[in-house]
Amino acid sequence: MTAPALDRPSETTTSTLGSLTSAQLARLCGVAGLSPVDAKAYAAVLAEALGPVAERPLDLPPPSRTFLSDDHTPVEYSLSFLPDGACALRVLIEPGCAAPGLAQNGRLGLDVIRDMAYRWGFSTDRLDELEDLFLPPVPQGDLALWCALELRPGGVPMLKVYLNPAANGAEHCADTVREALGRLGHGQAFASLPPADGYPFLALDLGDWESPRVKVYLRHDRLSVTEAAGLSRMDAGPGAAEIERFLRTASGLGESVFDEDRLGLFETGPDGEERLTGRPVLTCHAFTKTELGRPTGFTLHVPVRGYAAHDGEALSRATDLLRAYGMDPAPLPRALAAVTSRPLQDGVGLVAYLALAHQQGRPPRVTTYISAEAYAVHPPVTPRPVPAATG
């Protein structure tokens, strides 16, 4: 499948990181139904958040080895779909990506968040409460601070901040998450989390949210289908069958006979359990009610780019999932075309994740994460041949 053509900006307008990503975001705003005025405003916000890096020519290497994306672009987009036909556009940014070290990266990011707070009139109290935990003088790990903007009509976004539980050492991740939840009033929350192989992020909602969340992300290595089905801890959340269906479709596990694993990314253990052996699946557990001690939200993040031969396959799976949930998939190919004009079969990673999100009292959402591909396109995967039948 090839992304449908959109009007492209001239080469001279996409010669820097800021001009490329701002143009992508402006076109994505049109796909999401935002006005041209909002699109122009949000494109400017993105360039401002990147700071001097926005003027960096694209013929230079990425400003840092950020793992926000596979090609180290410090920007990622996402579209979240609802059954009523609406879709919400978000952009994830690493504001301090050009800093010479993690400490400076975190400080630059914090300055950007505080500037946004002043500009849009929201408090950073919850973030300030955690500053010493996640932004120590000599931080460790792979990131310091990311921020995500959920773009709304009117030019004032809702903001999320992503922090690194490994800032004080990977061996202290669990203790850091537990302490952060306690400081924010969720003293019983950590005990309700399912088993995990790591704690990659803790996220906070800042700004005008109806029910601000603190979100804990968990990593699940070599996850089995059965294990995945039991990961939700929210009341009235997705059932085991729903989680299993989503995981199978997003990963491609259900596309063919399991013994014909053409990408070599699944295995069946001695116990008969089917496991995903490629990129790890993530879950997110959102807490809003301090008195409850249990999550009020659950999200399953499947790294589809690690389980598809090319982006045409990833788009097909996303389309199947959106239709299964009664959602209009039409904006998604338009969104991909807003980011790149390349044929989808020519690379893998443009569609990075597919996610199923449940939040208490709301209908489920399906979210697609879209890479900017400012610096590289990962080549498609050549499936391994299926052994010929014998006998």
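**A tour from helix α9 to a pocket**

Select helix α9 (residues 311-324). Of its 14 residues, 10 are buried (under 20% relative accessible area with a 1.4 Å probe, protein chains only), so α9 is largely enclosed by the rest of the structure. This is a predicted model, in which local features need pLDDT of at least 70, side-chain atom pairs count only at pLDDT 80 or more, and totals for chains, interfaces and linings use all residues. Numbering runs from 1 along each chain as its sequence is written, and side-chain values use heavy atoms, without hydrogens and water.

Colour the buried residues of α9, among them Asp311, Glu313, Arg317 and Leu322. Now show their cover, which includes β1 (75-81), α8 (240-251) and β12 (365-371). Glycine 326 follows α9, with a positive phi near 75 degrees.

Next, select helix α3 (residues 102-120). Which residues are buried here? They are Asn105, Gly106, Gly109, Leu110, Val112, Ile113, Met116, Ala117 and Trp120. They cover an arc of only 160 degrees (from directions between the helix axis and the C-beta atoms), which puts them on the same side of α3. Turn to the other side: Asp115 and Tyr118 are exposed (over 50% relative accessible area).

Last stop: the second largest pocket, about 470 Å³. A pocket is an open set of points on a 1 Å grid where a 1.4 Å probe fits, with protein on both sides within 12 Å along at least five of seven lines; lining residues have an atom within 4 Å of a point. Volume is the space filled by probe spheres set on the points. Select Glu150, Trp209, Gln359, Arg362 and Arg365, the closest to its centre of the 21 lining residues. Strand β2 (residues 87-93) gives the most to this lining, with 3 residues.

Notes: Helix = DSSP H or I, 4+ residues; strand = E, 2+ residues; numbered from the N terminus. Expected span 1.5 Å × (residues − 1). Contact = heavy atoms within 4.5 Å.
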